Amino acid sequence: QVQLVESGGGLVQTGGSLRLSCAASGRTFINYAMGWFRQAPGKEREFVTAISQSGSTSYADSVKGRFTISRDNAKKTVYLQMNSLKPEDTARYYCAAGASRYSDSRDYDYWGQGTQVTVSS
């Protein structure tokens, strides 16, 4: 069992930066790949980025070069550094734990409650 708690969301202007954190409970954090997804009002949840147990990463095209995922296994935390934010990045951001760094949300077993990111123009 893994419990996930996101933090770090907020309101930022276009071009600004935010760093999201996702703290995990349980002793098996290192066994899970971690992903970040986001959902804007009226839209489906979409893949943002994921990191494998060994640190390999994958990104959605829309965030490549702007977002960076990382993990600290000792702290059982995964981070999402978001730079050069755009209004279209506005969404609720969720972290998830799964067996591999899938881009399909259905392949993740555990989810946090999300943190809101709002980018003003």
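Hi everyone. Let me start with a term: two strands pair if DSSP finds at least two bridges between them. Keep that in mind as we look at this model, which is a predicted one.

Let's begin with strand β3. On one side, strand β1, residues 4-7, is joined to β3 by 4 bridges, and these two strands run antiparallel. If you want a place to rest your eyes, find Ser7, which stands opposite Ser21 in β3. Now turn to strand β8, residues 77-82. Here 6 bridges connect β8 with β3, again in an antiparallel arrangement. For this pairing, look for Cys22, which has Val78 in β8 opposite. And how many of the residues of β3 are buried? The count is 5 of 7, so I'd call β3 mostly covered, given that buried means under 20% relative accessible area.

Next, the aromatic rings. The model has 5 aromatic pairs. One of them is made by Tyr32 and Tyr110, with 5.8 Å from centre to centre and 80° between the planes, which is an edge-to-face arrangement. This pair links distant parts of the chain: Tyr32 is in the loop between β3 and β4, Tyr110 is in strand β10, and 78 residues separate them. Is Tyr32 buried or exposed? Tyr32 counts as buried, because its relative accessibility is 15% and the cut-off is under 20%.

Another pair to look at is Phe37 with Phe47. Their ring centres are 5.7 Å apart and their planes meet at 70°, so this pair is edge-to-face, as anything over 60 degrees gets that name. Phe37 belongs to strand β4 and Phe47 to strand β5, residues 46-51, with the two positions 10 residues apart in the numbering. Both rings belong to buried residues: Phe37 has a relative accessibility of 1%, and Phe47 has a relative accessible area of 15%.

Those two don't stand alone, either. Ring pairs tie Phe37, Phe47, Tyr108 and Trp111 together into a cluster. If you follow that cluster to Trp111, you'll meet a charged neighbour: Arg45 lies over the face of Trp111, 4.7 Å from the ring centre.

There's a similar picture elsewhere, so let me finish there. Which ring does Arg71 lie over? That ring is Phe29, and Arg71 lies over its face at 4.6 Å from the ring centre.

That's my tour. Thanks for listening, and please do spin the model around yourselves!

Technical notes: Residues are numbered from 1 along each chain as its sequence is written. This is a predicted model: local features need pLDDT of at least 70, side-chain atom pairs count only at pLDDT 80 or more; totals for chains, interfaces and linings use all residues. Side-chain values use heavy atoms; hydrogens and water are left out. Rings of Phe, Tyr and Trp (its six-membered ring) pair if their centres lie within 6.5 Å; planes under 30 degrees apart count as stacked, over 60 as edge-to-face and the rest as tilted. Buried means under 20% relative accessible area, exposed over 50%, partly exposed in between (1.4 Å probe, protein chains only). A charge sits over a ring if NZ of Lys or CZ of Arg is within 6 Å of the ring centre and within 35 degrees of the ring normal.
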